[in-house]
Amino acid sequence: MNDTPIRIRVKYSKSGNLRFLGHIDTQNLFERALRRTELPIRHTQGFNKRIRINLASALPLGFISEAEILDIWLDQPIDTEIIGKKLNEALPDDIKVLEVQMVDNALPSLQASLVSSDYLISIPADPGLETFKNRFQALLTGEKIEIIKRKKTIDLKPMILDYSFQSESPDGDQFFIRLSSSPNANARPDDLLQLLEIDPADCLVKRTKLNFS
Amino acid sequence: MKKSSQTYTITTLQKKFTAKAILITIMNSLIEKILYHVEKPGRYVGGEHNQIEKDWGSTPLRWCLIFPDIYDIGQTNLGLAMLYQILNAEPDILAERSFAPWIDMEAQLREHDLPLFSLESKKALKEFDILGFTLPYESIYTNVLNILELSGIEAYVSHRTENDPLILGGGQACFNAEPMADFFDAFVIGEGEEVSLEISHLYKAWKANNGSRQELLFQLAKFPGVYVPSLYEVDYLQDGTIEAIRPLRADIPAKITKRIVPVLPPHPEKFLVPNVEIVHDRMSIEIMRGCTRGCRFCHAGMVNRPVRQRSVDQLIPTIKNALKSTGYEEVGLLSLSSSDHTQILELTQQVHENFHDKKLAFGLPSLRIESFSVDLMNELQELKPGGGFTLAPEAATERMRAVINKPLDEEDFYFTVKKIFEHGWRSLKLYYMIGLPTETMEDVEAILEAGIKVKRIGKSILGNSAKVHLGIGTLIPKPHTPFQWLPVESPETIQAKIDYLKAGTRKAGIKMSYNIPDSSLLETWLSRGDRRLGPVIYRAWKNGAKFDAWGERENLPIWREAFESTGVDPDFYAYRERGLDEILPWDHIDIGVKKNFLKQDLQWSLRGRTRPDCRNTCYACGILDAFGETRPDNNISYWGCP
């Protein structure tokens, strides 16, 4: 066994039925899929040996994504193409591995280097693009955008890093937003939608990119 | 500006329409919307690894297999997994799944006027040909009525139309499903592996002939192992006991004999792997069916005869393939009495040899103290070190163990206990029963004494880290067992016994778990009842009883009201000793074991006479008379009968 584990970074999409799968369940799903691949997976040490796996960021329930990232560790180097193929065979259809690359084992954890997330949100016909725009602009004119999470008041305003509207997309009107996703400042687009008086269930929210430092 | 904005809105609508069409291809958009508002939506969407999804339009016969509890409880049911694979293996049959929606999901379905749907194709249950309900225990009866209503199907068979799906029941509770007789078209009695396919063929032929519902029921009633309750009538005597149970036609059998498979079929390997965390989330492998020990309180031991087992040569490749296909990290090797498997030591050795480098946990529950060797313990320590160990002596005095026919040498017991602690298991759980026939306070005191002695042994080996846990169950004399004629002990007496044990265990630093007397009442009524309970179940459900197995929902007042308002006396089913000559509500269901055998066994019990393991001596229970002709050569499949 190689003493230094081989660190593998996997980019994957999540859609369909599996968008209703929470973070812990997604992690368990990968653990079992990895076992099915029969790759030389690194286990954690100790009494309860688990597969070492690290997801960059929890994707809120109901969102789809084309840019999730996770790290796994192997005991021996394996061709990344083979890893991708084996993983895709072992995973349900609603999760697709898009990219596999070997990375330096000494890199900091994914969570520690994650800065922000990009989202594309479909704007529902009710209230429609114009009203949506107006409500969002009104929100931005305030000094703060405050929500209460676990009895703590959080200001979302500094966490909105970028946004734009895309009215000519073939998927209808869409709202692009880049939100801070660092451990100390983590904003969720559904919180923002609720401030805009929109039920997130009426939108299709897609995470399109994770941005790392 | 205004004009362009208007044009824009129309375009938006058109675009919106396209976007929505995409959504529909993922799933019905309304279903999708409500899933945002329920806890653990992953319960309702399917899409698990190894799910089988067939083309709806081109598959002529469509089953929906329903486990009437939530997904978290039902998904690992082995019977469901078997039927799912057997039915879906046929090119012209599809079988999907559905479960009881949890309370929040039910509220959403009702609010949006949506029917309950299947996990695979999200079709309303009403669109299927056959709804096959698994009924493993009685406390989910109300959930069945709830599922029917959520599907727009009338609860009472007599109120349904020709277009409704055929409503079938199967599973261990169906050995006395009389209380549910009003609500099911038919019950499958016994093992479903073969009969489910036979029913499918019969159904297809009937459908091709455009037959009436009544014709289908007649055909089913003539079918071995199928019970159509509406084609039987029950007459009662003045005192409320049964005068006769009669078939309504001469060409259907007076008694329905259960089905068995003479050889256990190939074990399922491609288990569905749940995406959300569920109860007992592990792979279950059935190593043996039935039990030869004949414990007199044990329903499973009586109704699942004869003993049949899978050989090590079958099991090892099955486990290998199933692990490869699922990626599970924990395996349960299941049976009613694992250490009685004739190759148990070889099995554990081979499991160890084949899988020790895979970082898996193996469980081997239901070990019998007398057939459980130190060699086996050594193997088990390798397979699943640490954690707890469980034994079920059930009674603590020799006399009482003779009454229940679970004899055990005291010396053997304490030797085993010592070895368990010596092997490093720190926590030992011991199951005992109270409310047993002829039980005195002396027998109950002996349970506490045994717990204290076990604790002392543990302490002498492991010091204070040795934990002892007593699990106290209350006897419910079940149909088809030698105790079926006996009353249930009164709640006051049970409470007094529990109080005694509680005080004693607390003082001795022993953990104890138990059921409050009230909580087993529902199981008592429903398991020992007759078809006059139909209106009681209906009323209790109408008044809000559901998920009766979930302790936190205290439904007992609803049930008491339901009995009262329908004029049915619950005590009649619980506290009355039944006459040995009485016709019991389940007498027309033939489990292969003769009623006379059970009667004799009861008499032996009350005299303290045991019937040791029937593998060595046949006591002519009747199972060989019923099924001996189908018995294969022992080289093909081991049967426990001598």
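**Exercise 1. Find the residue opposite A:Ile64 in E10(A), then map the pairings of E3(A).**

Step 1. A:Ile64 stands opposite A:Lys206 in E10(A). Strands here are DSSP runs of E, at least two residues long, and helices are runs of H or I, at least four long; both are numbered from the N terminus. The model is predicted: local features need pLDDT of at least 70, side-chain atom pairs count only at pLDDT 80 or more, and totals for chains, interfaces and linings use all residues. Residues are numbered from 1 along each chain as its sequence is written, while chains are lettered from A and ligands numbered from 1 in the order in which they are written.

Step 2. Take the strand pair. E3(A) and strand E10 (residues 205–212) of chain A run parallel over 2 bridges. Two strands pair if DSSP finds at least two bridges between them.

Step 3. Add strand E1 (residues 6–14) of chain A. Its pairing with strand E3 (residues 64–74) of chain A is antiparallel, over 8 bridges. A:Tyr12 stands opposite A:Glu68 in E3(A).

Step 4. Add strand E2 (residues 53–55) of chain A. It pairs with E3(A) in the antiparallel sense over 3 bridges. Here A:Asn54 faces A:Asp71 in E3(A).

**Exercise 2. State how far apart the C-alpha centres of the two domains of chain A lie, and describe their contact.**

Step 1. Set the bounds. Domain 1 spans 6–107 and domain 2 spans 112–212. These bounds come from an automatic or database domain assignment.

Step 2. The C-alpha centres of domain 1 and domain 2 of chain A lie 27 Å apart.

Step 3. Count the contact. Domain 1 of chain A gives 11 residues and domain 2 of chain A gives 13 residues. Contact means C-beta atoms, placed from the backbone, within 7 Å.

Step 4. Sort the domain 1 side that touches domain 2 of chain A: 7 nonpolar, 3 polar and 1 charged. Ala, Val, Leu, Ile, Met, Phe, Trp, Tyr, Cys and Pro count as nonpolar, Asp, Glu, Lys and Arg as charged, and the others, Gly among them, as polar.

**Exercise 3. Determine which element gives the largest share of the side of chain B that touches chain A.**

Step 1. The contact takes 31 residues from chain B and 30 residues from chain A.

Step 2. List the elements of chain B that give two or more residues to that side: helix H1 (2–26), helix H2 (29–35) and helix H10 (312–326).

Step 3. H1(B) gives the largest share, 9 residues.

Step 4. The chain B side divides into 11 nonpolar, 12 polar and 8 charged residues.

**Exercise 4. Describe the sheet E10-E13-E14 of chain B and place H10(B) on it.**

Step 1. The sheet is open, has 3 strands and pairs in parallel.

Step 2. Find the edges. Strand E10 (283–286) and strand E14 (361–363) of chain B each have a single partner strand, so one side of each is left without a neighbour in the sheet.

Step 3. Check the twist. Neighbouring strands of this sheet are turned by 20 degrees against each other on average, direction ignored. Axes are lines fitted to C-alpha atoms, for helices over the stretch in contact, and angles run from 0 to 180 degrees between N-to-C directions.

Step 4. Strand E13 (residues 330–334) of chain B joins E14(B) through 3 bridges, in parallel. B:Val331 has B:Phe362 as its bridge partner in E14(B).

Step 5. H10(B) lies across E10 and E13 of chain B, at about 160 degrees to E10(B).

Note on methods:
Two residues are in contact if their C-beta atoms, placed from the backbone, lie within 7 Å.
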